[in-house]
Amino acid sequence: GEQSQRASLIKGEQESISRTSMGAREQLTWYTPLRKIWEIIGVPIWLTMRLLYHIRFNWLMKFFGLCGFAAFLSPAFLRIAWFYYTDRRVKRNLQYGSAPRNRLDLYLPPGCAFDMERTEAAVRAADAETDAGRDPAPRERHENGGSGGGRPVIVFVTGGMWIIGYKAWGALLAQSLMKQGFIVASLDYRNFPQGTVGEMIQDVGCGIGWVVKRAVALGGDPRRIVVVGQSAGAHLSATAILRQAEWELSGYGLASAWSPSSLAGFVGVSGVYSPDDQSLVDHFHRRGLHREVFHSIMEAGYSGARAEEALPRASPCAILRDQAGVPGLISRQPPVLLCHGSADTSAPPSESAKFAAALRVAGVAEVTEKYYPGKTHTDPFVTDPILGGHDALLEDIVAFVRKGERALKLPALPRLLPKLLVDIARTMVPF
């Protein structure tokens, strides 16, 4: 009697679990499409409503200016979009992390390929060898045709005032680098108000780690991985690299993902590096990125009440001052190239000069500065490549990545638009 009572009890529990599991599956069939609808429609509307709270009148003027800029350059943008959406060498929307917008695009030159299963299998094999105390690099380099067989790898982090960044903004530069035989990974990250600066830095660091771990499987050279950040992307990637060195030295949870010392370099294009400088905050305020918005992005509170504490945390220059006396931190930093237009009124070129000085004072051995006379914030990255000819930014990046190799003169880029349209567009750009 006792055994049959126990068996009856077990059977009842199994039926209860089965009903619960069935109910969960039924709930999941409803939940999944509703979540998709929310991600596609609900999230953009919710974020737009949050952003409207911060909008001022001159933002509308800048928006109209941006529309005019895009309209005059639209024939070129349409050609770039056609390449982006139709070229099979572009692998779009690959997930590199679990947070929203943790996606990247891969641009693969001839001879390189991406297969998710094979790539992840190679990563697991490398992790197993690392856990066993063996260095997987010699075997990987042998499999890719010797020490010089891999392609240079660029991790590109786009700008957009920390608000309108999108990975496709890097398509024009990525296409040019791909033609030079480079593998390019263009990262997305959470924009404000979906995320604040700490979450953006975390996303960028996670994306860099994803690429570093898969560089060999993609056909890349693990010794020639360079991070390129533009505008706000330069700020985020510089901060992510500096913070990663701290986490690696302290054994923090993200330390095992990648090491700054494994990078061949960092290139900052038209970046800002001292958000804790009040003169920069005032400059942004005059240009339309109001103090309240900037403080909110930088986790200083809408009123700026926490600015003294929060802004230095997100300032590469301040971080370098803190790291200068800590053994083992600065030695992890890669070589740095800073590029800036001398006529940039959005991100002052003094920001690159200030960051270069801070790097040298801290003890970073290799720091190079390039200033382009008469060039604005968007010229090196957008209008100059559209005009065609010899692209100074592209040539400087390629030379920086290929340093030590025989210098090659790059072919002139094709002109995508008449100069008259580009000149008109330049008068409208709000950046």
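Met-61 counts as partly exposed, because its relative accessibility is 47%. That value falls between the limits of 20% for buried and 50% for exposed. The model is a predicted one. Met-61 sits in helix α2, which spans residues 57-72. Together with Leu-60, Phe-63 and Phe-64, Met-61 forms a nonpolar patch on the surface. The accessible area of these four residues adds up to about 430 Å².

From this patch, turn to the strands. Start with β4, residues 183-187. How many residues of β4 are buried? The count is 5 of 5, so by the cut-off of under 20% relative accessible area the strand is mostly covered. Both of its faces are covered. Ile-183, Ala-185 and Leu-187 lie on one side. Val-184 and Ser-186 lie on the other.

Which strands pair with β4? One partner is β2, residues 103-107, which runs antiparallel to β4 and is joined to it by 4 bridges. Within this pairing, Asp-105 has Ser-186 as its bridge partner. Another partner is β3, residues 151-157, which pairs with β4 in the parallel sense over 5 bridges. Here Val-153 stands opposite Ile-183.

Follow β3 the other way. It pairs with β5 as well, in the parallel sense and over 6 bridges. Val-157 finds its bridge partner in Gly-229 of β5. Strand β5 covers residues 220-230, and 9 of its 11 residues are buried. Next comes β6, residues 265-269, which runs parallel to β5 and is joined to it by 5 bridges. Gly-229 appears again here, standing opposite Gly-268 in β6.

Now the connection between β3 and β4. These two strands and helix α6, residues 171-179, make a right-handed β-α-β unit. Is α6 enclosed or open to the outside? It is largely enclosed by the rest of the structure, because 8 of its 9 residues are buried. The buried set runs through Ala-171, Leu-172, Leu-173, Ala-174, Gln-175, Ser-176, Leu-177 and Met-178. An α-helix has 3.6 residues a turn, so residues three or four places apart point the same way. The buried positions of α6 include Ala-171, Leu-172, Leu-173 and Ala-174, which follow one another in sequence. What covers the buried residues of α6? The cover includes the strands β2, β3 and β4. It also includes the helices α3 (74-86), α14 (379-387) and α15 (392-401). Just after α6, Gly-181 takes a positive phi of about 90 degrees.

One of those covering helices, α14, is itself mostly covered, with 9 of its 9 residues buried. Among them are Phe-381, Val-382, Ile-386 and Leu-387. Asp-379, Thr-383 and Asp-384 are buried too. Just after α14, Gly-388 takes a positive phi of about 80 degrees.

Last, helix α8, residues 232-250, which holds Gly-233. Gly-233 counts as buried because its relative accessibility is 0%. Which residues does Gly-233 touch, leaving aside neighbours within four places in sequence? The contacts are Val-157, Thr-158, Gly-159 and Tyr-189. Val-157 is the residue that bridges to Gly-229 in β5. Gly-233 also relates back to β4 through Leu-187, a buried residue of that strand. The two are 46 residues apart in sequence, and 9.5 Å separates them in space, C-alpha to C-alpha.

How values were computed. Residues numbered from 1 in each chain as written. Predicted model: local features only at pLDDT ≥ 70, side-chain atom pairs only at ≥ 80, totals over all residues. Heavy atoms only, no water. Patch = residues over 30% accessible without salt bridge, like charges linked within 9 Å, V, L, I, M, F, W, Y side chains within 5 Å. Areas by Shrake-Rupley, 256 points an atom, 1.4 Å probe, with all protein chains shown as cover. Salt bridge = Lys/Arg side-chain N within 4 Å of Asp/Glu carboxyl O. Buried < 20%, exposed > 50% of the residue type's maximum accessible area, 1.4 Å probe, protein only. Pairing = 2+ DSSP bridges. Right-handed = clockwise from strand over helix to strand, strands pointing away. Contact = heavy atoms within 4.5 Å.
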